[in-house]
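Colleague: I have a model open and would like to talk through its sheet, a helix pair and one residue. Could you take me through them?

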Amino acid sequence: MVDKSLRASLDHEQLLSLVNSMADAVVAVDNDQRITMYNGATLNLLDINSDLRGEKLSHVLTLNDQEDKEIDLRKLITSITTSFVSRNIKLVYPNGETCNLYISISPVHLSKGVEVTKAHVLLMRDITKEKSLEQERDEFISVVSHELRTPVTIAEGNISNAMELLSDVKQIPDIITKSLKDAHQQVVFLSNMINDLATLSRAERGSLSVDIERTNIRELVSELFDSYKKAADEKGLHISEHCDTNLKLLSTNRLYLKEILQNILDNAIKYTDNGKITIQAKKKGNSVIFAISDTGHGIAKTDKAKIFTKFYRSEDYQTRSQNGTGLGLYITSKLASLIRATIDVESEIGQGSTFTVTVPDFDSHID
Ligand code: ADP
């Protein structure tokens with residue numbers, strides 16, 4: 001039988017070689033935030049050769065936030081009770097150079113007899129390359145969507161004009177009318193996609209501003225109803241609206257709120273073949289709750305968690321028979337977080353779905 005202390009030292013050796021073989025920098029600090037253990041990758045990342053054991057973490061690690069303000073590391077670590085993860089922190093070298101870091105900090109509770117001490121483990125990785133690739137991609141999307149906008153708008157306008165002119169002409173072959181209608185539908189789809197991409201790149205670069213205005217909710221709901229009535233009628237769907245009578249003004253960003261509700265309504269109509277769509281708004285405390293229900297295809301339980309992720313589209317044939325990019329709900333969730341709104345989904349396959357959007361009042365005050 002292997003002796004207990006030998007076993008423990010073997011375990012310790014194994015653990016050390018495991019941590020040392022990791023590509024990410026791993027640093028453990030004690031209660032006093034002095035370094036108790038680190039691996040080779042830490043020396044590489046920090047570009048240091050000396051022994052770090054016993055050093056104060058704040059003496060060897062300088063971190064800045066995105067605005068290049070120094071982070072109080074001591075305060076940050078002390079405040080962490082569960083776990084902290086960020087991709088928006090910069091490591092600052094003594095010569096002033098910086099690199100973008102992925103950093104995760106987790107508390108570890110070690111018991112020494114009955115006394116429990118609190119230590120922390122930091123895991124760090126240089127993500128400068130990834131970050132600059134992400135920035136390049138966002139810039140590319142932003143430029144392309146901007147350049148595509150003008151020709152697509154002109155094409156849409158010309159097709160609309162042609163449809164308008166031909167509507168007065170008798171004996172036009174059906175095939176021409178149908179071709180123009182199809183071309184118009186596809187150009188509108190393209191134009192929506194370009195708008196989605198532009199909003200997406202701005203949202204990801206964090207360059208969307210949140211201008212708050214007093215928004216008349218009853219007016220907004222009735223505007224939405226009017227603009228979706230035609231699309232619902234064309235599919236033979238009944239659409240209705242209901243607003244609580246005590247609902248008037250909400251301080252929020254009207255544009256984003258409208259885009260959130262439009263994206264949900266677009267889907268309600270797109271993924272419903274028969275039945276009805278309802279738009280409801282009611283007041284709850286300092287928030288307004290919007291509920292958009294449909295009697296459509298429904299969303300599978302396994303899909304529910306994924307529909308807000310980028311480019312996600314359900315695999316089922318009914319979804320795939322409709323045009324879509326899988327960006328609508330991703331953008332919706334980004335906009336929702338800008339106005340501090342939350343979105344819940346209830347759905348049953350074959351029965352329909354209800355998207356509930358809870359929007360708080362920025363001034364915490366509803367008239
Ligand atoms: P898109 O509609 O372009 O595919 P979205 O991000 O708007 O992208 O939606 C993601 C997916 O969520 C859709 O592909 C569809 O599978 C599902 N979905 C969203 N809304 C509904 C709805 N009201 N009914 C059924 N499925 C929906």
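Modeller: What follows is a short conversation about the sheet, a helix pair and one residue, and the model is a predicted one.

Colleague: Sheet to begin with, then: what is the strand order, and how are the strands paired?

Modeller: The order is S8-S10-S11-S13-S12 in an open sheet of five strands, and the pairing is mixed. S8 and S12 (342–348) are the edge strands, each pairing on one side only, and the twist averages 10° from one strand to the next.

Colleague: In which sense do S8 and S10 pair?

Modeller: S8 (residues 238–243) and S10 (residues 276–284) are paired in the parallel sense, over six bridges, and Ile239 has Ile277 in S10 as its bridge partner.

Colleague: And what about S10 with S11?

Modeller: That pairing is antiparallel, with eight bridges between S10 and S11 (residues 287–294), and here Ile279 is bridged to Ile292 in S11. The two strands form a hairpin with two residues between them, and Gly285 in the turn has a positive phi of about 60°.

Colleague: How many bridges join S12 and S13?

Modeller: Seven bridges join S12 to S13 (residues 352–360), in the antiparallel sense, and Asp344 has Thr356 in S13 as its bridge partner.

Colleague: Which strands does H8 touch?

Modeller: H8 (residues 254–270) packs on the sheet and touches S10, S11, S12 and S13, with its direction at about 15° to that of S11. Helix H7 (residues 217–234), for its part, lies across S8, S10 and S11 and runs at about 180° to S8.

Colleague: Switching to the helix pair, at what angle do H5 and H6 pack?

Modeller: H5 (residues 128–166) and H6 (residues 174–204) pack at about 155°, with their axes 8 Å apart. Angles over 145 degrees count as roughly antiparallel, which is why H5 is described as roughly antiparallel to H6.

Colleague: What is the handedness of the crossing, and which residue classes are in the contact?

Modeller: H5 passes H6 in a left-handed crossing, and the contact between these helices has 17 nonpolar, seven polar and six charged residues.

Colleague: Last topic, Val29: buried or exposed?

Modeller: Val29, which is in strand S1 (residues 25–29), is buried, with a relative accessible area of 1%.

Colleague: What is Val29 in contact with, beyond its neighbours in sequence?

Modeller: Leaving aside neighbours within four places in sequence, Val29 contacts Arg34, Ile35, Thr36, Leu57, Ala119, His120 and Leu122. Its C-alpha atom is also separated by 9.4 Å from that of Glu55, a residue 26 residues apart from Val29 along the chain.

Technical notes:
Residues numbered from 1 in each chain as written. Predicted model: local features only at pLDDT ≥ 70, side-chain atom pairs only at ≥ 80, totals over all residues. Heavy atoms only, no water. Axes fitted to C-alpha atoms, helices over the stretch in contact; angles between N-to-C directions. Helix = DSSP H or I, 4+ residues; strand = E, 2+ residues; numbered from the N terminus. Parallel < 35°, antiparallel > 145°, perpendicular 65-115°, else oblique. Left-handed = near helix turned anticlockwise from the far one by under 90°. Nonpolar A, V, L, I, M, F, W, Y, C, P; charged D, E, K, R; others polar. Pairing = 2+ DSSP bridges. Buried < 20%, exposed > 50% of the residue type's maximum accessible area, 1.4 Å probe, protein only. Contact = heavy atoms within 4.5 Å.
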